[in-house]
Each structure stands twice: as C-alpha cells, then as structure tokens.
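Please open the structure in your viewer and keep the selection tool at hand, since this tour moves from one selection to the next. At each stop, make the selection first and then read on.

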Amino acid sequence: MQIYTVGGAIRDELLGRPVSDRDYVVVGATPEAMLAAGFRPVGKDFPVFLHPRTQEEYALARTERKSGHGYHGFTFHTAPDVSLEEDLARRDLTINAMARGDDGVLVDPFKGRADLEARVLRHVGPAFAEDPVRILRLARFAARFGDFQVAPETLALMRRMVAEGEVDHLVAERVWQELARGLMEDYPERMLEVLRECGALARLLPEVAALFGVPQRPEFHPEVDTGAHLLLVLQAAAAMDLSLPARFAALTHDLGKGLTPAAEWPRHRDHEARGEPLLLALCERLRVPADCRELARLVMLLHGHVHRAGWEDGQWQPQVLVRVLERCDVQRRPERFEELLLACVADHRGRLGSAAAPYPQQALWQAAAAAFRSVDGGAIARACADKTRIPEALHQARLAAVSAAVAPFTASD
C-alpha cells in the first residue's frame, strides 16, 4: 500500500498558496485492507475512506470509463493493480494531475509543474471531453488564477464539446455550484470570458451571453458594450469582497438590456422591468438559492432609483426614497438593503476608468434608511384614532424623517 497526496494541495504548494484541504490516493490496496487499517468507508460511486484519526479522505486509485451523458455518466474501476499514473490520467488539468509520496518526490507525468510556471490551463488527455463539468471547473480555475490562459488545444476541445451538446446534459445543481464558486473567486470576470470564448456561456447562461455586443450610451458608459460593463462590474464586486448574493446581483442586474430592440439603442428604457422575467427564469432553471434570487431581483428593479437618489425628472423627490425603502422592507431587512447598496456601488464602478470612483449616493441612502427605521410605528398607531389612517400616517412620518436626514446631502448637490 502506497499513499500519495494529490491534486490541488500539490498545485497550491507549488504556487506558494495556502493549502486548505488535502486529498490522498491509495495505490495497491483493496477496500478490505482499508477497513482492516481502521478507515471508514464513505464513497458512493467509488471507494473513498476517512482516516480513523484525521478524518481526511483517502480514495483508492481508480480509472473511469464513459457510460452515458453528463456528470454522472461514468463507471469506475478500482483494483490493487491500478497505478498512480493511471489515476492521475483521469484528472482534468495538468496542474491538478500531480502527486507527492512520503519520500517528498514530485510525481508529474503530464508536466503540470511546467504549465504552472507558464500560467497555462491545459487538459490532461482526451478523457477531459467525457465530462462537461470540466468546462465549468476550468472556467472557475481561470477565475481563481486570473493570469492563467487556456491552452489553444484545450479551448478547441471545449468548443467541440459544446458543439456536440455535451454541456446540455449538465444538471442544474452542478452548474449553480460551479457558477457560485467561480463568482466568489478573485477574478470572476475571467470565468465568463472563458465560458463565452468556448461557446458554453450561450448554452448555460443565454441571458448573460445576450448582453455582449449591445451598446450603451457612451456618456454614461465609456466602455459602451453592455457585456464589457458586466465584466467590469464583476471586477468591482470582487475588489470590494462582496457576498455571493451581491455578486450574483451584479451578474444579473442588466439582463433586460439584452431585450432592448436594436432600434432603441443605445438607450435602454424600462430595462429593469424587461429583465425581471429573464432573471426569474434563470433562477428557476438553475435552482438559485432564495437569498441570491431575492437580492438580485431588488437590485435589478431598483438600481436606477438608487443611482438617481430621489432625483426624478429634474427634481428631487423624497417620496421616491421612501417608496424604495418600503419596497426593500428595510425595517426588517436592513442587512439586505446594505448589500443592495454595495451591489449598486459595484455597478457604478463597473465603468471604464471608474474602478475607484466615489459613490456619494451610498451615504445618502444609509442616512435615509436609518431615519426610516427610527420612526416609531407603534407610537403612530396608538396616536391614530382612525385605524384606517395608520398606513398613511406612518408613511408621512417616514417621509418627514427621511427628508430631514438627507437634507444636508441634497443641499450640497
């Protein structure tokens, strides 16, 4: 029995990055031998065992064979005669197909170390084409290692996989899992770039793919292209270390611009309302969690109002502020409203040359939200002899409080 550390732990050690998890492959063993050594079985599709002391995962060396479409279409073979190199050959990328034994010697049959040094994402072999999840994983690694480029032969293979319809068999849960992980990396825009370059973006997120090539008004968007703006917004969201719901909202906030008739370009009137059905359909298709869906919907519908901060038709209208705060349920969900503001900051900074631009609207809205929440609804209810007038009395009290709180901001404007 020989035990090797494999995969991401070796890759990250060579890159000088912290290692959070270690995976192990056991060569020359049987399930019975693992049980006899005190390991506990946990694998469903193939033998994986937990170490009796550390609880880390140890997998028997295995090979795999394509037996159907999609992520689950595989049969696995494990036996004591399966070699380490055979196990590494089934892995996705060369940078993930390295191992190190107890003697400290690096086992690198597919030149993963050289690809690390060259900053290249390259597939190990033809087996890459058998699993469409690997397209998503590669795109996620591009989001993690922002300066890595996809090898030309790997990109060609990914394009062929897309053309053959392999990505159409991906299950929604796995697509969302990889998308969410990619959004939380340091360079989430690279994930979209790679998926778009191989054609997978149009199959997995057609609503997002439709934004590329759609122009916007250059006086507001020097980058012009809506897709380019989206990439910049994701850059800003990552730079601000936003949460997953806020990053998903950044990804989807402008979906409606993909539906604007070309005759109306570069203006996009009512793109917020146009985008809502697209967002809801996307969330349903990928089974997006409720917190991400709810924040994305609010950001989509309200980001224009947040940017204008009560200025409508050339006049300042404090009632707009109150309506937005009511719609966001800021009384009960102040944390969610703060995330909405952060997503709007990212949208504002997602313009060419505006990566560090100030966003004075944020402080105005924070003051407005604090004033809104300071109104004592119970006291107002008790003071109303006519209970039917409570909602209007509460609205007017909030309007007065918000108007007073934001007066210093509007005066400086």
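The stops below go from the whole chain to a sheet, then to a helix, and then to the core and a loop.

**The whole chain**

Begin with everything displayed, and bear in mind that this is a predicted model. The protein chain has 19 helices and 13 strands, and its C-alpha atoms fill a box of roughly 85 × 50 × 40 Å when the box is taken along the principal axes. If you colour the chain by burial, buried residues make up 49% of the 413 residues. Among contacts between residues at least 6 apart in sequence, 65% join residues at least 24 apart.

**The open sheet**

Next, show the strands as a cartoon and look for an open sheet of seven strands, which follow the order S3-S4-S5-S2-S1-S8-S9 with mixed pairing. Its edges are strand S3 (40-41) and strand S9 (106-107), each of which pairs on one side only.

Select residues 2-6, which are strand S1, together with residues 23-27, which are strand S2: these two strands run antiparallel and are joined by five bridges. Within this pair, Thr5 stands opposite Tyr24 of S2.

Now add residues 57-60, strand S5, which runs parallel to S2 and is joined to S2 by three bridges. Here Val26 has Leu60 in S5 as its bridge partner.

Then extend the selection to residues 48-50, strand S4, which pairs with S5 in the antiparallel sense over three bridges. One such partnership places Val48 with Ala59 of S5. S4 and S5 form a hairpin with six residues between them, and in the turn Gln55 has a positive phi of about 65 degrees.

Before leaving this part of the chain, select Tyr24, Phe39 and Tyr58, which form one aromatic cluster.

**The helix across the sheet**

Which strands does helix H1 lie across? Select residues 8-15 and turn the view: H1 lies across S1, strand S8 (99-100) and S9, and runs at about 55 degrees to S1. In H1, the residues Ala9, Ile10, Arg11 and Asp12 are buried. The buried residues of H1 pack against S1, S8 and S9, and also against helix H4 (112-118) and helix H5 (133-144). Just after H1, Gly16 takes a positive phi of about 75 degrees.

While you have this region on screen, select Arg140 and Phe141, where Arg140 lies over the face of Phe141 at 5.2 Å from the ring centre.

**The cores**

Move on to the largest nonpolar core, which has 94 residues; those that touch the most other members are Ile135, Phe248, Leu251, Leu325, Phe337, Leu340 and Trp365. The largest share of this core, nine residues, comes from helix H14, which you can select as residues 290-308. Apart from this core lies another one, of twelve residues, among them Tyr4, Val27, Ala61 and Ala79.

**Helix H12 and an aromatic pair**

Now select residues 244-252, helix H12, which is mostly covered, as eight of its nine residues are buried. One of these buried residues is Phe248, whose relative accessible area is 0%. Leaving aside its neighbours within four places in sequence, Phe248 is in contact with Trp176, Leu183, Leu279, Leu282, Cys283, Val288, Cys292 and Ala296.

Six aromatic pairs are found in the whole structure, and Trp176 and Phe248 form an edge-to-face one, at 5.4 Å centre to centre with 85 degrees between the planes. Because Trp176 lies in helix H7 (residues 172-183) and Phe248 in helix H12, the pair ties together parts that are 72 residues apart in sequence. Trp176 also counts as buried, at 9% relative accessibility.

**A lysine in a loop**

For the last stop, select Lys257, which is found in the loop between helix H12 and helix H13 (271-286). Is this lysine buried or exposed? Lys257 has a relative accessible area of 7%, so it is buried. To see what surrounds Lys257, add Leu211, Val214, Gln216, His221, Thr226, His268 and His271, which are its contacts once the neighbours within four places in sequence are left aside.

Key
Residues numbered from 1 in each chain as written. Predicted model: local features only at pLDDT ≥ 70, side-chain atom pairs only at ≥ 80, totals over all residues. Heavy atoms only, no water. Helix = DSSP H or I, 4+ residues; strand = E, 2+ residues; numbered from the N terminus. Buried < 20%, exposed > 50% of the residue type's maximum accessible area, 1.4 Å probe, protein only. Contact = heavy atoms within 4.5 Å. Phe/Tyr/Trp six-rings, centres within 6.5 Å; stacked < 30°, edge-to-face > 60°. Lys NZ or Arg CZ within 6 Å of the ring centre and 35° of its normal. Pairing = 2+ DSSP bridges. Axes fitted to C-alpha atoms, helices over the stretch in contact; angles between N-to-C directions. Core = buried A, V, L, I, M, F, W, Y, C linked by side-chain atoms within 4.5 Å.
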